[in-house]
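Please read the following account with the sequence and the 3D structure side by side. The paragraphs go from helix packing to a loop and then to the RNA.

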Amino acid sequence: MGAIARYVGDIMNRILVKTVLENLNPGSTATVGGWVRTCRVSKGGFAFITINDGSCLAALQIVADATLANYEGEIVKLSAGCSVLVTGEVVESQGKGQRVELKAGELRVLGWADPADYPIQPKHHTMEFLRTQAHLRARTNTFGAVARVRNAVSAAIHEFFQSRGFIYLHTPIITASDCEGAGQLFRVSTLPAGQEPKDQAGAIDWSQDFFARKAYLTVSGQLEAETYACALGNVYTFGPTFRAENSNTPRHLAEFWMVEPEMAFCDLQGDARVAEEFLKYVFSAVLTRCPDDMQFFNERVDKTVLATMEHVLGNDFVRLSYTEAVDRLVKSGKTWNYPIQWGLDLQTEHERYITEEVFGKPVIISDYPASIKAFYMRMNDDQKTVAAMDVLVPRIGEIIGGSQREDRLDVLNERMRAMNLEPDSYWWYCDLRRYGSVPHAGFGLGLERVVQFITGMANIRDVIPYPRTPRSAEF
RNA sequence: UCCCCGAUAGCUCAAUCGGUAGAGCGAGCGGCUGUUAACCGCUAGGUUCUAGGUUCAAGUCCUAGUCGGGGAGCCA
């Protein structure tokens, strides 16, 4: 067995750097493992080695002196990226910058990292460069903090719904619904490329494909979630979602994670109320659990994120109808690149004006014209608008899109025909309205956009470990 | 997909009117130091994204492409 095997006992007993820094007092003994951030060798016969193990933003300072057997042979040669296992005594730090440090009694080098070619130097790197080193970028302060915040957000999402009795539902990744109205789909096929079997008309014969029909990666679990909501009451999905849109922006991914609660016996007002409570719960949880990481983002990434979080938590979201929003935009006196007119969708510039300049906080816009929204949204009594709502936040724009669903079969059929959709291919979706239909509502939230909003990270590709975007699927 | 901008040392950038490529950081070596993005000195390090073109001469100008960034659309 190799070198690692000999250390298994110590590895299993290691203590997190976070624990040492926050909980251990001078006099304790500890074994920690981590990756070297910096190593400064003093001719006075000792070396300062800071290591990080991902458990927290801060690094632990190790003091190793020349009495250690491998001091000259190994310790003085340590550099950024090396992995080490250190056992020593927690002591009060003589220097500034840390409460305690670890005086090494034994320092084992588990893995070297040649400083001549280790890509993560102890200096500023651009996000663009780190994206090309996605397998190592988690070792930086920024990406470690992003990973911890993303984790805290994910945990908070489950907690919020679980504590309210929602059932976590796993909707299919592969779907045969090819027109959910949410953009381009990735096709899933096992037919040999270029040699697909043809039917008599010369078209590809999909009946010979794996699923005996065309299949795709899901763009939303909503329709399936509705069926379970109409049996279990409140459910939520939380999983990967795919869009084959050729979108090249700092806010779009081809593969991203989406949360989609769906609630039976719920109308649009209830939907909006849950959306607001939900966002506030998640923001609050991150502030509570990742204070150091949030402080870091506030200092190094975006100096407004903490104030924004506090502001959002301390204020009610603004409720505004689409009609009122259009009215405000018309009367703003501003000149727009895109026209404002009742019946046209709001553009990014309009949404940002409302949420950033008019109110300076999240805004929930509701009751959009039916003509610009999906077939499944419930027609309002005015016969012109549907019970849809978008939650808009400063800087990001739309973070949540939701609606009360059309629960009347005849109205749904009418809407589908008006949008050139074939009700027969949605037979199971229509069945929900045929048998025991109930008012229900839900919304979808992009996980990465929430993490972006919370951390202030400018590009969505930097809040997911391995971003998939047009022409990019490295790693 | 559309518009704009960019690509020069490992990284971040500079290079005047088109005139023969430089700095900081990092790295190597040496010095100094309870240090903490340590500090000081020396050294090495380049097919200037690719392919064409203009010119006596191209990092610089032109054309096409590739990749990256910003904005827009689509959306979460």
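In this predicted model, helix α5 (residues 141-163) and helix α8 (residues 291-301) cross in a left-handed sense, with axes that come within 10 Å and an angle between them of roughly 130°. That angle is over 115 degrees but not over 145, and the two helices are therefore oblique to each other. On the α5 side the residues that meet α8 are Asn141, Thr142, Ala145, Val146, Arg148 and Val149, while α8 brings Asp293, Met294, Phe296 and Phe297 to the contact. Sorted by class, the residues of this contact of α5 with α8 comprise six nonpolar, two polar and two charged.

A second pair to follow is formed by helix α6 (residues 222-232) and helix α13 (residues 427-434), whose axes lie 10 Å apart and which pack at an angle of about 30°. Angles under 35 degrees count as roughly parallel, and α6 and α13 are therefore described as roughly parallel to each other. The crossing in which α6 passes α13 is left-handed. From α6 the contact draws on Gln222, Leu223, Glu224, Glu226, Thr227 and Cys230, and from α13 on Trp428, Tyr429, Leu432 and Arg433. By class, five nonpolar, two polar and three charged residues make up the contact of α6 with α13.

A third arrangement involves α10 and α11, whose axes come within 11 Å and cross at roughly 80°. With that angle falling in the range of 65 to 115 degrees, α10 is therefore roughly perpendicular to α11. Here Ala325, Arg328 and Leu329 of α10 are set against His350, Tyr353, Ile354 and Val358 of α11, and the contact of α10 with α11 divides into five nonpolar, one polar and one charged residues.

The loop between α10 (322-331) and α11 (348-358) holds Gly343. Apart from its neighbours within four places in sequence, Gly343 is in contact with Tyr322, Pro369, Ser371 and Ile372. Between the C-alpha atoms of Gly343 and Val386, which stand 43 residues apart along the chain, the separation is 12 Å.

The remaining part of the picture concerns RNA strand B. There are 50 residues around RNA strand B, of which Lys96, Arg131, Thr249, His252 and Arg449 come nearest. By class, the surface near the strand consists of 15 nonpolar, 21 polar and 14 charged residues. At least two residues of this surface are supplied by each of β1 (29-42), β2 (46-52), β3 (60-65), α4 (127-131), β11 (255-264), β15 (397-404) and β16 (440-446), and β1 gives the most, with four residues.

Which parts of RNA strand B do its atoms within 4 Å of the protein belong to? Of these atoms, 50% belong to sugar or phosphate, and the rest to bases. Individual polar contacts can be traced on either part of the strand. On the base side, a polar backbone atom of Val41 is 2.7 Å from a base oxygen of RNA strand B, and a polar side-chain atom of Glu101 lies 2.6 Å from a base nitrogen of the strand. Tyr338, by contrast, places a polar side-chain atom 2.6 Å from a sugar or linking oxygen of RNA strand B.

Note on methods. Residues are numbered from 1 along each chain as its sequence is written. Chains are lettered from A and ligands numbered from 1 in the order in which they are written. This is a predicted model: local features need pLDDT of at least 70, side-chain atom pairs count only at pLDDT 80 or more; totals for chains, interfaces and linings use all residues. Side-chain values use heavy atoms; hydrogens and water are left out. A residue is near a molecule or strand if one of its heavy atoms lies within 4 Å of it. A polar contact is a pair of N or O atoms within 3.5 Å; within protein, one must be able to donate a hydrogen and the other to accept it, and residues adjacent in sequence count only if both atoms are side-chain atoms. Ala, Val, Leu, Ile, Met, Phe, Trp, Tyr, Cys and Pro count as nonpolar, Asp, Glu, Lys and Arg as charged, and the others, Gly among them, as polar. Axes are lines fitted to C-alpha atoms, for helices over the stretch in contact, and angles run from 0 to 180 degrees between N-to-C directions. A crossing is left-handed if the near helix is turned anticlockwise from the far one by less than a right angle, and right-handed if clockwise. Contact means heavy atoms within 4.5 Å.
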